[in-house]
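Let's go through this one in question-and-answer form, with the structure open alongside.

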Amino acid sequence: METVIIMRYGEIFLKGDNKWYFEKILIQNIKSALKQKNYKLEKIAGRYILSNYQPGTEKELVSIISKIFGLHSASVAVKLETDEMKIKDYCSTIKIGEKSFKVITNRADKTFPIKSMPFSSILGAIILENNPKATVNVKNPDLEIMVDIREDGNTYVSTETIECAGGMPVSSAGKGLLLLSGGIDSPVAGWFMSHRGMHVNALHFHSFPYTSLLAKEKVIRLAQQMSVYGGDFKLHIISFTKAQEEINKKCNKNFMVILMRRLMMRIAEKLAHKIDAKAIITGESLGQVASQTIESINATNAVVNIPVFRPLIGFDKNDTINISKKIGTYDISIEPYEDCCTVFLPKNPVTRPKIKDVLDEESKLDIEKLVNEALETDEVIDIIKKE
Ligand code: ATP
Ligand code: MG
């Protein structure tokens, strides 16, 4: 009797004629997530079966699999030849103690002689007989015992279904460029876009020597944690020091934040074109801070011609924090560090900038030169997927 891991995909199922395209990417992503392991991967209708892996590593493998976007659920299952007696014999050995359960039979193989409902009842009775303290609960059981009778002549029996990350396979929806700070929000924003299939690359601005090298090192660790879900990607680190010094020297300090953000966007757009990214992604949330009022967001948006995705725009901070804990970025994000945006910060930043005033301030700067000089400092770091 062999133990295998069943992986099921979700939304790809709805893709009709394009399904093959998404499946191809999903399989590549599964292989890349499991690259350190030995295993055999097979496809049967609507499912992938992982077998021949090192015995006893199921938990570790399921933990990796549960973070692959595009997969909906996974189960560790026993693989049996489809035969009424063999299935019954196996069910008589299942030990579930005092738990409540229900049996769900999925008879994909219509040549199997007993229909799903009666077969579930028969197997349920056998399990009860061998677990006198267990109870049947159809509405809200502790365990759903799945009996999956497939067309390939095999039946897969599992006692637990683990929810996976869902969404669409990473790289099935083009490339995006995430503005990654060291804070809580931007890694979560990146996660959401990876969840919808974007291959997310990241750009971080630092202000060395006003910000320390530790701030940069922290962002690299954040990026590594993001790769658990997002896979391999490139992190661009660009110096914002010169730009900030120029703004500080020549412009009204109360416009510092909006001028910096407009410059960041311009640099990001140019980099996005260079790396063939089709959108910029930020962790902004409406009204969270002075630079995220609708006026500020509009003034920032106005300088670029590329879509800017803000997946957290309607989120409360608490919701974002909960997700960052779930995806493992929270503990890194809350480490103290200096953000480049807090360098030279004015006492009274304008919160509702008028576009005319912003343009007046900007006319004091050589924008194109600042953008190009910043891009010349681009340091590219290859982030390799962490398990
Ligand atoms: P975060 O928690 O992501 O830092 P925040 O709520 O602190 O967000 P801001 O600091 O105003 O908000 O930044 C808004 C967005 O601008 C960030 O989510 C991020 O996308 C981008 N950003 C801010 N600072 C940087 C930086 N140093 N490098 C790259 N992007 C940045
Ligand atoms: Mg921040």
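Q: Is Trp20 buried or exposed in this predicted model?
A: The model is predicted, and the relative accessible area of Trp20 comes out at 55%. The cut-off for exposed is over 50%, so Trp20 counts as exposed.

Q: Which arrangement do the rings of Trp20 and Tyr21 adopt?
A: Their centres sit 6.2 Å apart, and the planes make an angle of 80 degrees. Planes over 60 degrees apart fall in one class, so the Trp20 and Tyr21 pair is edge-to-face.

Q: Which residue forms an aromatic pair with Tyr21 at 5.1 Å centre to centre?
A: Tyr21 itself is partly exposed, with a relative accessible area of 33%. The pair at 5.1 Å has 85 degrees between its planes, which makes it edge-to-face. The partner has a relative accessible area of 10% and is therefore buried. That partner is Phe22.

Q: How many aromatic pairs does a search of the whole structure find?
A: Ring pairs also turn up away from the stretch just discussed: Phe69, Trp191, Phe192, Tyr229 and Phe315 are linked by them into a cluster. Searching the whole structure gives a total of 10.

Q: Which residue lies over the face of Tyr330?
A: Here a charge sits over a ring, rather than ring against ring. The distance to the ring centre is 4.9 Å, and the residue is Lys325.

Q: Which strands stand at the edges of the open sheet?
A: The sheet has 6 strands with mixed pairing, in the order 14-13-10-11-12-15. An edge strand here has a single partner strand, so one of its sides is left without a neighbour in the sheet. That applies to strand 14 (308-309) and strand 15 (379-383).

Q: What is the bridge partner of Ile281 in strand 14?
A: Strand 13 covers residues 280-281 and pairs with strand 14 in the parallel sense, over 2 bridges. In strand 14, the partner of Ile281 is Phe309.

Q: At roughly what angle do the axes of helix 7 and helix 8 cross?
A: Helix 7 spans residues 241-250 and helix 8 spans residues 256-275, and their axes come within 10 Å. The crossing is right-handed. Ala243, Gln244, Ile247 and Asn248 of helix 7 make the contact with Met256, Leu259, Met260 and Leu263 of helix 8. The axes cross at roughly 145 degrees.

Notes
Residues numbered from 1 in each chain as written. Chains lettered and ligands numbered in written order. Predicted model: local features only at pLDDT ≥ 70, side-chain atom pairs only at ≥ 80, totals over all residues. Heavy atoms only, no water. Pairing = 2+ DSSP bridges. Helix = DSSP H or I, 4+ residues; strand = E, 2+ residues; numbered from the N terminus. Phe/Tyr/Trp six-rings, centres within 6.5 Å; stacked < 30°, edge-to-face > 60°. Buried < 20%, exposed > 50% of the residue type's maximum accessible area, 1.4 Å probe, protein only. Lys NZ or Arg CZ within 6 Å of the ring centre and 35° of its normal. Axes fitted to C-alpha atoms, helices over the stretch in contact; angles between N-to-C directions. Left-handed = near helix turned anticlockwise from the far one by under 90°. Contact = heavy atoms within 4.5 Å.
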